[in-house]
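Work through the exercises below with the structure open. Each task is followed by a stepwise solution.

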Amino acid sequence: LLCEGEADFIALGRALLADPDWPEKVRLNQSQDIRPCIGDHEGCLGRSFKGKPLSCSVNPTVGLEDELKLSPADKPLRVLVVGGGPAGMEAARVAAIRGHMVSLLEKGPRLGGTLLPGAVPTFKKDLQQLTEYFERQLPKVGVEIQLRHEATPQSIMDAGAEIVILATGATPLMPKLPGIDKPHVVSAIDLLLGKVSLSANANVLVIGGGEVGCETAVHIADYGCRVTLVEMLPQVLRGVFNANRLQLLRMMQGRQVRVLSNTSIHEIRDSSVLAYGPNDAVEEISATIVVVAIGSTSRTELHTALRERLPRVHSIGDCVTPRSVFEAFWEAYRLARLI
């Protein structure tokens, strides 16, 4: 725009929180190295509205540049990172920048972890840019990446690493309900990853009115499906930053997603579910696909197996407790900065 005379001046806002070197990287034709803003509001507006200092989900050093600056490690060590999600990728990146010899193991065919299903809805495409950023940056800073490699306690011990960082994430929770094992019942993560085919006019029921459930409901509705979302609590999207919450509510309303709060599922049948609403009202809701989005449980098996066998094992991210990208980045950066 500047070169073509369409603009005389370009102002940047939150993009400079994510990467304060944005203009210089553009000037040097290094746009591929810009760390992207993911637009989640967690570190910037979300913190401001809570009366906390401004920061950034993908750049924990905002406002603390001197206190959290990176320095070369006193002694380069062999560091093994298990898990290629947000926490694992950031820990590997920072450790490598400091001079450690870093290997990263990921059991899937691609880096990204929960960023991959999270980026599937079209309105979450910024998360895809973050995954691509790490796929470019990790090799540049010297991280050795092994995909399709599922680590075991023995393989980790045999690797000979001096520091092991576990970032193995979490597993979607599935409620103990009659019919939960039926073939048309799927987690939101698996649905977003394409393990279930969606077709127009299908009746889909989403269990769980948190951020994942509501975003998935919008995504499903975009296929032309008729979507009902069920939440046990009186309100959906509790605890979500208000701007994000209002936008998601508008999106669901615009796509005619039916939202039933104060409602619980008691049985999943072949083409319907049995729901109990307010005042114990019973309703049978048509559903050829049932999507579960009620949260996740941390994968702690490797930490339990290794904590008594290796001297320096650290766990970060969702395998400690399921949280947001914001917490994953901050925890990973602070650990890798100090090891």
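**Exercise 1. The open sheet**

In what order do the strands of the open sheet of 5 strands run, and is the pairing parallel or antiparallel?

Solution. The model is a predicted one.
- Step 1. Read off the order: β6-β13-β7-β8-β9. The pairing is parallel.
- Step 2. Find the edges. β6 (185–187) and β9 (258–260) each pair on one side only.
- Step 3. Add the twist. From one strand to the next, it averages 20°.

**Exercise 2. Neighbours of β7**

Determine how β7 is joined to β13 and to β8, and name a facing residue pair for each.

Solution.
- Step 1. Take β13 (residues 289–292). Strand β7 (residues 203–207) runs parallel to β13, with 4 bridges between them. Here Ile207 faces Val292 as its opposite residue.
- Step 2. Take β8. Its link to β7 is also parallel and has 5 bridges. Val204 stands opposite Val227 on this side.
- Step 3. Recall the general principle. Parallel or antiparallel, strands of a sheet pair through backbone hydrogen bonds.

**Exercise 3. Cover over the sheet**

Which strands does helix α9 lie across, and at what angle to β8 does the helix run?

Solution.
- Step 1. Locate the helix: α9 spans residues 211–221.
- Step 2. List the strands beneath its path. They are β7, β8 (226–230) and β13.
- Step 3. Give the angle. Helix α9 runs at about 170° to β8.
- Step 4. Check burial. In β8, 4 of the 5 residues are buried, so the strand is mostly covered; buried means under 20% relative accessible area.

**Exercise 4. Two isoleucines**

Place Ile189 and Ile10 in the chain, and decide whether each is buried, partly exposed or exposed.

Solution.
- Step 1. Ile189 sits in helix α8 (residues 188–192). Its relative accessible area is 28%, so Ile189 is partly exposed.
- Step 2. Look for contacts beyond four places in sequence. Ile189 touches Pro117 and Pro172.
- Step 3. Compare positions in sequence and space. Ile163 is 26 residues from Ile189 along the chain, and their C-alpha atoms are separated by 31 Å.
- Step 4. Turn to Ile10, in the segment before α1 (15–18). At 44% relative accessible area, Ile10 is partly exposed.
- Step 5. Ile10 joins Leu1 and Leu2 in a nonpolar surface patch of about 310 Å².

**Exercise 5. Salt bridges**

How many salt bridges are counted? Describe the ones made by Glu135, Lys195 and Arg258.

Solution.
- Step 1. Apply the cut-off: a side-chain nitrogen of Lys or Arg within 4 Å of a carboxyl oxygen of Asp or Glu. The count comes to 14 salt bridges.
- Step 2. Glu135 meets Arg110 at 2.7 Å, N to O. The pair links distant parts of the chain, 25 residues apart: Glu135 is in helix α6 (residues 126–140), Arg110 in the loop between β2 (101–105) and α5 (115–118). Glu135 is partly exposed, at 29% relative accessibility. Arg110 is partly exposed, at 29%.
- Step 3. Lys195 pairs with Asp190, with the closest N and O atoms 3.4 Å apart. Lys195 is exposed at 58%, whereas Asp190 is partly exposed at 27%.
- Step 4. Arg258 meets Glu283 at 2.9 Å, N to O. This pair links strand β9 to strand β12 (residues 282–286), and its residues are 25 apart along the chain. Arg258 is partly exposed at 37%, and Glu283 is partly exposed at 30%.
- Step 5. Look for shared partners. Glu267, Arg269 and Glu284 are joined into one network.

Methods
Residues are numbered from 1 along each chain as its sequence is written. This is a predicted model: local features need pLDDT of at least 70, side-chain atom pairs count only at pLDDT 80 or more; totals for chains, interfaces and linings use all residues. Side-chain values use heavy atoms; hydrogens and water are left out. Patches are made of residues with over 30% relative accessible area and no salt bridge: like charges are joined within 9 Å, nonpolar side chains (Val, Leu, Ile, Met, Phe, Trp, Tyr) within 5 Å. Accessible areas come from the Shrake-Rupley method with a 1.4 Å probe; for residues, only the protein chains shown count as cover. Helices (H or I, at least four residues) and strands (E, at least two) are DSSP runs, numbered from the N terminus. Buried means under 20% relative accessible area, exposed over 50%, partly exposed in between (1.4 Å probe, protein chains only). Two strands pair if DSSP finds at least two bridges between them. Axes are lines fitted to C-alpha atoms, for helices over the stretch in contact, and angles run from 0 to 180 degrees between N-to-C directions. Contact means heavy atoms within 4.5 Å.
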